Every structure is written in structure tokens, then in C-alpha cells.
There are 2 protein chains.
Amino acid sequence: MSIDRLCVIGVGLIGGSLALALKKAGYCKHVVGAGRNEQRLAHAVELGILDDYTLDYAQAVTGADVVFVAVPLGAMAEVFEKIEPVLSPQTLVTDAGSAKHSVVEDAMRVFGDKINQFIPGHPIAGTEKSGAEAAFDSLYQERRVILTPLEENAQSDVETIKSMWQAAGAIVDEMGDRHHDLVLAGTSHLPHMLAFALVDCLNSMEDVDEIFRFAAGGFRDFTRIASSDPTMWRDICLSNREAVLVMMERFQNEMAIVKTAIENNDANALYALFSQAKSARDEFCM
Amino acid sequence: MSIDRLCVIGVGLIGGSLALALKKAGYCKHVVGAGRNEQRLAHAVELGILDDYTLDYAQAVTGADVVFVAVPLGAMAEVFEKIEPVLSPQTLVTDAGSAKHSVVEDAMRVFGDKINQFIPGHPIAGTEKSGAEAAFDSLYQERRVILTPLEENAQSDVETIKSMWQAAGAIVDEMGDRHHDLVLAGTSHLPHMLAFALVDCLNSMEDVDEIFRFAAGGFRDFTRIASSDPTMWRDICLSNREAVLVMMERFQNEMAIVKTAIENNDANALYALFSQAKSARDEFCM
């Protein structure tokens, strides 16, 4: 399989890296980019990410085999609205949103009876950098991509999107959108909330300069994700609100158990809690 | 300045690395080790960490200029009790405990009118490894060591311990023990509680294998400290109970603010919380 014409809407790290990976794999002949910032799009052409670009989304998707929407979650519905009127039946649309149920709801509302052409996806990849300058062709090598296909999708269309990601080096899984949202809330969204909250918590203390000065390597690793883009994370929280709240609740209950054990000087309970965590972490993350 | 005879009680990563650093710096002529496991002590001699060793703590401290107690917090009082009867006036004792107020309380009780000879300390250094095999001479290079001197300490004795750490490459700060405990509760002990609780929280969910499978690089960094030694962390929680509980309470309040903002779909509040955290983290950890 291969793609004659790929349209990337939102040419940043995620969109740009897919374009580079597919070009390198010889899987895609022509990549057109679309977005709101002409200067950045022109730069992406210079960088060899795009073959050409346009600010007109309708023009961009015309004749495309696949449209990859890699914009922030908060901008997803607006993009869908711009491309829906010109979407011809042979074009498939997929996305890179970190939350899936809210994107599916937007897509259902906007695409209506063209919803079969939309295959929701989420590449679990990224770096702390952003922008097309940060894009590189091996970003998706050995990384997971989750597709959350809809009942309306033809299996052959799901396979087309799956093959595209595999050509970029990714391992593709399928699951329901609600399940995706809970899994990601646990492994990504909740940890980000904890890191942001920890830094804000210390930052509100007296002698804050001194407190951070004595932070060791473990603290730096632990809070690295608190350096993430605030706009992106605001959007993720609001888009995956329900699952994030479920996980925060579960976490607060777990913290209450640890706190009670400390309050009660319960050495055995603390040892059990910490050694369970160590075993699980060592088993799954090695 | 220099040390003729250093006694290290507890020859693991922390104790072994100090011995290696001081030998390399030519700051210390003779290092004697003491501990409970003869095989490990003999191995530390083979590794060039120790010049000799004994299982008899009284014999080990006799004639020592400085005794470095680098045992787990839970074993500190027992070591103090063993060495106090043979402690001659020219010997200084210091330690490596991650909590300071509880160690000072133990020391006051055990050392009595010899308390002036005890200078409490905490090197903020370590790796995820432990044991004398993991020791290396540059562990303390550019790392912080906090001393929490007592009113009873002579300034010249504090300077002796300070010079020793500087010879090992460390940057030495002084502060009160209670203040140390709160600073470390915030930058080290609370983050460990969050990492342990997060892994336990996910580990208790259904489909736990799948959940960890989709964890990306950020999760690995974030939970690395959940691989730490459960015994050590049980001891730290209990030894620094008061400050850890204060920080857990503060953190829970911060999390409640984030949770309320998500519940209320308050985009502005979330953006403000996340961007404050990002700014603070980027400023202090770069």
C-alpha cells in the first residue's frame, strides 16, 4: 500500500514527523500542508517536510487520499467544519488527538453521514519540543499508535490508516475510545496533573528559591513533564474531563491510604505499599 | 586540613563513595569500615574502598578522627548506642540520614554530654543502585550536602566536617534540622510518595498489563523513583513523619484546586495553574 497525496493539517512535531517518516519510507508521493501561519508552512517546505502548502483547508484536502489532522484538541472541531464540505468519498481523515471520545463526538456532529471516512487515532509519541523544526523521521519508530475505530468505519479503511502508521515505524493497536481515554488518563494525563500540582505546591511556599535549590536528580526527572505546554494540557483536561476526574479521584484515595499509614506509624503497611509499587514499576517499565 | 583515620559505619553507596572520594583527594590516610556483614566488608577492602574492617563498632571508632554513620535511618539509634561508650573527646561523628530532626533526637538521647561531638549531615546524592559495588569517587562532585549543626557544636568542629565534604567535591550548606526536614519533604519525600501512590493506583486497575504497555517516556521518568528501596522509604516516612504529612496536606489542597478547575471547565484557571508550574520548573531546573 501507499498514499499518493497526504494532507497534513497542523504541521508541527507530530504532523511534520509523520510526513518525514512516510517520505523516507517511500510510502507517500506528495505531501501538502495546511495551517494558519504561512511563514511556518513555508519553513516546513524549506525543511523538506512538505511539497507545498496552502492556507485554504478546502484546497488542501481536495484530491487527498489521507488527511492527517494534527492540531491541538481545542482546534479540532473548527478544522473538521472547514474540511467537511469539500470531503470527497475517497478521502480518509484521521487525527492525533490525545483524547478520543471528545474528538469522536465533534467528528460525529460535523461529518454527519461522512463519519465513516473518519478513523480516530492517537500516536503516543512526542518530545518536550514542538514545531516543524523539531520534527524528525524516526519519531514513531517502535512507538505505539492507538486507533479507536468507529462502527461506521469500513475495515479496509481502518487497515489503510494502520498501514500508514506501520510504514512510519509504529506499532498499531485498536481499542474503544472510552477505554483509550481511561488508559491515557492513568498513564499520561494524571501524571501531568501531579507534576503540575507538585511544582505549584512548592512554588507557593516561602523560601521557594531555596527549596528548588536542594532538589536532586529524582526531582528533575519527576517534574520534567511539568515543563509541558500549558495550552495543550488545558485542552487535554477539558477534552478528557470525565476520565481525568475518575483517575484523580482514584489517586486521591490511594494517597489517603498512604497518609493514614504514615499517621498511624504503620511500618508494615508502608513497606507493603512501597514494595508493591516497586515490583509493578520494575516489572512493567524495564 | 585532612583526616588521619576515617571510620565508616555502613559501607554502601553513600559511605563507600565518601571513602573513595577522600582517598582520591589525598584527604584521608586510613579508612576503617564497620558493619554487620563480614563478606560485604571484605569485598569493600578488595574494591579499594576500605583499608581494613571490623565487625566490632567500638574497635572501629577507637582512634578515629571522624566517624561517618551511613546506615538506614531505622538503624541509626542502635549504632549511636554501640559507639557512645568508647567515643573519645577528639572524635567527631556525623551521619547521612535523609531526615534530620529524628536523628538529632536519637543523638541527644544517646550521646548525652558528648552531643557536641555529633554534627548532623545529609548528602543529597545517590543513584538507584545501592551497596559498596555501586560506590564511586565522584558521587559527591557538585552535589549539595546539608549540615544541621547543633547549638552544642564548636564552630571549628563544624568546619572540620564541612572541609571533609568539600574535599569530596560537595557544596556544603547549613540550616536548622526542622527546616531541612520540610525542604526535603517537599523536594524528595513527597515526590516519592506521589510516585509510589501513582503506580499502586494504576496497578490496582483492571487490564493493568495493558495500562502499563501504553505508558510513554514521560511516565517512565515520572515513576523512576517508585523503584526506590521500600525499606529506606518506610524509614524516611516514619522518621520525617511530621514534615511529610504537612507536605502531603499541602499537595492534596493543590490537587483539589486543579480538580475543581476541571470540574468547572475553568479553562483560564487551568491555563494559569499549568503555566505557573511550567515557568517555575523551567526557571529552577534548567
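This section describes the fold of the individual chain, the relation between the two copies, and the interface that joins chain A and chain B in a predicted model.

Chain A contains 12 helices and nine strands, and its C-alpha trace spans about 70 × 40 × 30 Å along the principal axes. Of the 286 residues in chain A, 51% are buried. Among the contacts in chain A between residues at least 6 apart in sequence, 75% join residues that are at least 24 apart.

The chain is divided into two parts, with domain 1 of chain A covering residues 3-175 and domain 2 of chain A covering residues 179-285. The centres of these two domains, taken over C-alpha atoms, are separated by 31 Å. Where the domains touch, domain 1 of chain A contributes 14 residues and domain 2 of chain A contributes 13 residues. On the side that belongs to domain 1 of chain A, the residues in this contact comprise five nonpolar, seven polar and two charged.

With regard to the arrangement of the two copies, a turn of 180° combined with a shift of 0.0 Å along the axis lays chain A on chain B with an RMSD of 0.0 Å. The two copies are therefore related as by a two-fold rotation axis. In chain A, the C-alpha nearest this axis belongs to Phe222(A), at a distance of 2.2 Å.

The interface between the copies brings 70 residues of chain A into contact with 70 residues of chain B. On the side of chain A that touches chain B, at least two residues each are supplied by helix H7 (177-203), helix H8 (208-213), helix H9 (217-223), helix H10 (230-239), helix H11 (241-263) and helix H12 (267-285) of chain A. Among the contributors, H7(A) gives the most, with 17 residues. By residue class, the side of chain A that touches chain B divides into 43 nonpolar, 12 polar and 15 charged residues. Because 100% of the interface residues of chain A are also interface residues in chain B, the copies meet through the same surface.

Helix H7 was also examined in the second copy, where its geometry can be compared with an expected span. At 1.5 Å a residue, the 27 residues of helix H7 (residues 177-203) of chain B should span 39 Å, and the end C-alpha atoms of this helix are 36 Å apart, which agrees. H7(B) nevertheless bends by about 55° at Ala185(B). The helix is also mostly covered, since 24 of the 27 residues of H7(B) are buried.

Terms used: Residues numbered from 1 in each chain as written. Chains lettered and ligands numbered in written order. Predicted model: local features only at pLDDT ≥ 70, side-chain atom pairs only at ≥ 80, totals over all residues. Contact = placed C-beta atoms within 7 Å. Helix = DSSP H or I, 4+ residues; strand = E, 2+ residues; numbered from the N terminus. Nonpolar A, V, L, I, M, F, W, Y, C, P; charged D, E, K, R; others polar. Domains from an automatic or database assignment. Expected span 1.5 Å × (residues − 1). Bend = angle between axes of the 7 residues up to and from the residue. Buried ≥ 20, exposed ≤ 12 C-beta atoms within 10 Å, placed from the backbone. Least-squares fit on C-alpha atoms with pLDDT ≥ 70 in both.
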